[in-house]
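Good morning, colleagues. Please turn to the sequence and the structure now coming up on the screen, and I shall take you through them.

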Amino acid sequence: MNISHEANKINSYLLLRGKIFARIRSFFARRCVIEVTTPLLLPTTNPSPYLNNFSCDGLYLQSSPEFAMKKLLATGSGDIYQLCKAFRKDEAGRFHNPEFMILEWYRISFDHHDLMTEVEELLRYTIKSPQAKRRSYQDVCEEFLKINPHKTNIKQLKQVAQKNNLVVANLDNNPDTWLQLLFTHVVEPKLNTKYPIFIYDFPKTQAMLARTRQQGKAQVASRFEVYYKGIELANGFHELNDAQEQRRRFRHELAQRKKLNLPSIPIDEEFLDLLPKLPNCSGVALGVDRLLLLASGAQSLAEIN
Amino acid sequence: MATISTNEFRNGVKVILDGDPCNILENEYVKPGKGQAFNRVKLRNLKTGRVLEKTFKSGDTLEAADAADVELQYLYNDGEMWHFMSPATYEQYTISKNTVGDSAKWLKEQDVCHVTLWNNNAIDITPPTFVTLKVVDTDPGLRGDTATGGSKPATLETGAVVRVPLFINIGDILKIDTRTGEYISRGK
């Protein structure tokens, strides 16, 4: 009896998974976005100090297909998407798994707001989510932290952390680290909404591979994240194609790696060579396992993996 | 000293936090889309029993606590020290009145208790969940008043005072739940 119950559960989950994968593929087929497959094992990878890589024989397992897909875009692929595995060492928890499924796609001549609209359409098409809302990073920080994230300083951030009873040992004096602490511990719990919610225009110091621009009095990154029922589902950029600025950011990240005693990573020169040819586009990476978790009503990734 | 990293924090792992041994109860991994990851950890201080929540930067380490949970048999006390023995190794342990604390009133010779040892010193003791103890003093039972009705205090052989039904007499053996201090039934 127990065995057949368990088998039924697995079977119905696999059916759901198959259905969602088919819907993802038909969503992009209708929009003439081409499916691609890029290598999982690469001679270099994203140098972010917050990504811990698996490596063997001088090769890295990809932390995302971002660089490989941008190389395709720069050589004229047009709109593309990919469903693939990505790997991030030490990321394990209710909503994290070191090996996970990514859906990443790029749309030419979209800005980040155009792409937010498409992400919302994809969520509605695949898991029947209700209408989404959009709020700027500044807006939610002003409401829940009572600070302007583009004008704050380390002293003020530490005070807000203290007010919220957040004490963390060994945290550096980088304002972004403290903003991330406050965002994950104070703001994110408030984003546990019954509708998807997009957070856009991050501080320029958290731009990663996104463009930055002047917005009112502040420099902001044209970047967004989407939360649904308290789970962070996707991260998108209006993609930077300024190779000089990208090199500067890579060097800054490599310097941080050195400071943290993390292994260095060779700069992807081919990527930087091709970057000026990257068309004006926006791209987004979505955690497919979390999408399946939301669709199945499971409480943790362990239940569905 | 052995150290334990946040990604090895699991239920039951024992670490030292601010000088005190703690038992890890829960560990939640929290990471912004891009950026610094954190671990939100729930721990029980093994000395005070208090549960606390702490956030750590992912990858940070704490010193491992050389703590173990063992079963020890209670032998006797001399008013200051309570004496126990391991039924497995016959090793004897003395535990101070302070550490035994409130548990003292449930301890009967030869009962087996759950004891937390840190660096081989007892820091916490839990009496058996159910104990059977003899009534040494209580008001006489009222005739005709049986299973239902009120209750009265009774003093047990260990000195503990519990509320018992009116039909209980001196010399009766009672089963008590030590978590709540409540009378369960008459034993044999």
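Let me begin with one pair of residues: Lys42(B) has Glu53(B), in β5(B), as its bridge partner. Please bear in mind throughout that this is a predicted model.

That pair leads to the strands around it. Strand β4 of chain B covers residues 38-45, and it is joined to β5(B) by seven bridges, the two strands running antiparallel. As a general reminder, the strands of a sheet pair through backbone hydrogen bonds, in either a parallel or an antiparallel manner.

Where do β4 and β5 fall in the order of the sheet in chain B? The order is β1-β6-β2-β3-β4-β5, in an open sheet of six strands with antiparallel pairing. The edges are held by β1, residues 3-5, and β5, residues 51-57, of chain B. Each of these has a single partner strand, so one side of each is left without a neighbour in the sheet. From one strand to the next, the twist averages 50°.

I turn now to chain A. Its secondary structure comprises 10 helices and 12 strands. Along the principal axes, the C-alpha atoms of chain A fill a box of roughly 60 × 45 × 40 Å. How does the radius of gyration of chain A stand against that of a compact globule? For 305 residues, such a globule would have a value near 19 Å; chain A has 20 Å, and therefore agrees.

Two further figures complete the account of this chain. Of the 305 residues in chain A, 37% count as buried. Among its contacts between residues at least 6 apart in sequence, 67% join residues at least 24 apart.

Methods:
Residues are numbered from 1 along each chain as its sequence is written. Chains are lettered from A and ligands numbered from 1 in the order in which they are written. This is a predicted model: local features need pLDDT of at least 70, side-chain atom pairs count only at pLDDT 80 or more; totals for chains, interfaces and linings use all residues. Helices (H or I, at least four residues) and strands (E, at least two) are DSSP runs, numbered from the N terminus. The radius of gyration is taken over C-alpha atoms; the globule rule is 2.2 Å times the number of residues to the power 0.38. A residue is buried if 20 or more other C-beta atoms lie within 10 Å of its own, exposed if 12 or fewer, and partly exposed in between; C-beta atoms are placed from the backbone. Two residues are in contact if their C-beta atoms, placed from the backbone, lie within 7 Å. Two strands pair if DSSP finds at least two bridges between them. Axes are lines fitted to C-alpha atoms, for helices over the stretch in contact, and angles run from 0 to 180 degrees between N-to-C directions.
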